[in-house]
Amino acid sequence: MPGPRLLHTADVHLGAPFNFLGKRGREQREQLRATFNRVVDLALTSQVDLLIIAGDLFHAPYPGAGLLGEVAYQLGRLDAEGIWTVIAPGTHDPPLARGAYDGGPLSSLPHVHVFRGEKMEPFVIEGLDLVVYGMASHREGGDALVGFRAGGRPRWRVGVVHASVRIPGRVEDDCMMVTGESIAASGLQYLALGHWHSLADHSRGQVTAYYPGPPEALGVGDGERGRVLLVELEEGERALVKPIGVGRRRFLQVDLDAGEAGGPRGLYARIREMADTDLLLKVNVHRTWGEEWVGFPWDEMEEELAPLFFRFQLRVSPASLGLREVEEFPESTVIGRFLRLAREEMARREGEELLVAEEALRLGLAHLAGEEQGP
Ligand SMILES: [Mn+2]
């Protein structure tokens, strides 16, 4: 028997300043709002019963009155259709006094519920035979779900938390954590996670658990558009999760090897292939060691390619000799010793002297790379 349909989003970060985007920051701030409106459109057109927001709806606990009013208007469109919205405040938008979740326009919507407590609390939606357990993010640490277990009733049991998943050896400590064991023991059919800014499946045992990632691009991304998750609960079966692209912009950082690109023409072609006016592209160019790169006008290249992208940034090593490149060559090799000496030299110089040292490094590397190509 089919159960409720949910739309799960998190980490919208409405109001984020995007200072790093320079003059395009304003456009991306506006895009965040537009994408959130699109999430609400999607909730309406896909006829979900419930929108779940797993924290960081706002970038700050005190969004301006204009932004708060606009969000209340959008959630009001769902409210008018009897569609519920449940919100678990995150690390960026904790439920502070006179903040976004204390009175204000959101509290006047009868189908909006905000979890403000510091422990998992049930919120029962009678008409759907559904209970949502949730809590606000707080600084205590530890396992947010330890000792938690959803009961056998109502029929449908969903959780929402803004926390990290503990991964031994990789993620050990954060404000709020959940573990594979506590997810598996939760008795939930679906756990809506927020906090990590990329789509990820952390299902354990019988419990389906996901991070949707932000609906719209925020920082350095993986080149994918932001997504939301359409979740369908099914009796006796695992929750069905379908990611839906809603974001407009993509952020991507790539490393290109100047040696492999085939000279300046090749490098231009490689970057042009990625042209997309909704893409923020950062290119790190490595190994500009050949003669063809001597005195290359990188600023001109950046300027020429910039109109093909939402924003385009070019970074060139070894003008700033990366650790990665140095580590590729062990100290026991001639090139390895040369790189280490050159790095020490460059650290001591600046201005015109640094440019000369960089030029010497480039020529030296081109020479050595040629010599070391033999068997
Ligand atoms: Mn976030």
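Select strand β1 (residues 2-9) together with strand β13 (residues 227-234) in this predicted model: the two pair in the antiparallel sense, and five bridges join them. Within this pair, show the side chains of Arg5 and Glu232, since Arg5 stands opposite Glu232 in β13.

Next, widen the selection to the whole sheet, which is open and made of six strands in the order β4-β3-β2-β1-β13-β14, with mixed pairing. At its edges stand β4 (112-114) and β14 (240-245), each of which has a single partner strand, so one side of each is left without a neighbour in the sheet. Looking along the sheet from one strand to the next, the viewer will find a twist that averages 20°.

Now add helix α1, which lies across β1, β2, β13 and β14 and runs at about 175° to β1.

From the helix, turn to the nonpolar interior by selecting Ile52, Ala54, Val161 and Leu193, the residues with the most contacts inside the largest nonpolar core, a set of 81 residues. Helix α1 (residues 25-45) gives the most to this core, namely five residues. Because domain 1 (2-245) and domain 2 (250-372) both give residues to the core, it lies between them.

Centre the view on Val161 and display its surroundings: leaving out residues up to four places away in sequence, Val161 touches Ala54, Ala88, Gly134, Met135, Ala144, Met176, Val178 and Leu193. A second core, separate from the one just visited, has five residues, among them Trp289, Leu339, Ala342 and Leu361.

Move then to Asp56, which is placed in the loop between β2 (50-53) and α2 (65-80). Is this residue, Asp56, buried or exposed? With 26 other C-beta atoms within 10 Å, Asp56 is counted as buried, because the cut-off for that class is 20 or more. Its contacts, neighbours within four places in sequence aside, include Ala10, Asp11, Val12 and His13, then Gly90, Thr91, His92 and Asp93, and also His162 and Gly194. For a distance across the chain, pick the C-alpha atoms of Asp56 and Val246, which are 17 Å apart in space and 190 residues apart in sequence.

Finally, colour the chain by its domain assignment, which gives domain 1 (2-245) and domain 2 (250-372). The C-alpha centres of these two domains lie 41 Å apart, and the contact between them takes nine residues from domain 1 and six residues from domain 2. On the side of domain 1 that touches domain 2, the residues divide into three nonpolar, three polar and three charged.

Methods:
Residues are numbered from 1 along each chain as its sequence is written. This is a predicted model: local features need pLDDT of at least 70, side-chain atom pairs count only at pLDDT 80 or more; totals for chains, interfaces and linings use all residues. Helices (H or I, at least four residues) and strands (E, at least two) are DSSP runs, numbered from the N terminus. A residue is buried if 20 or more other C-beta atoms lie within 10 Å of its own, exposed if 12 or fewer, and partly exposed in between; C-beta atoms are placed from the backbone. Two residues are in contact if their C-beta atoms, placed from the backbone, lie within 7 Å. A nonpolar core is a set of buried Ala, Val, Leu, Ile, Met, Phe, Trp, Tyr and Cys residues joined through C-beta atoms within 7 Å. Domain bounds come from an automatic or database domain assignment. Two strands pair if DSSP finds at least two bridges between them. Axes are lines fitted to C-alpha atoms, for helices over the stretch in contact, and angles run from 0 to 180 degrees between N-to-C directions. Ala, Val, Leu, Ile, Met, Phe, Trp, Tyr, Cys and Pro count as nonpolar, Asp, Glu, Lys and Arg as charged, and the others, Gly among them, as polar.
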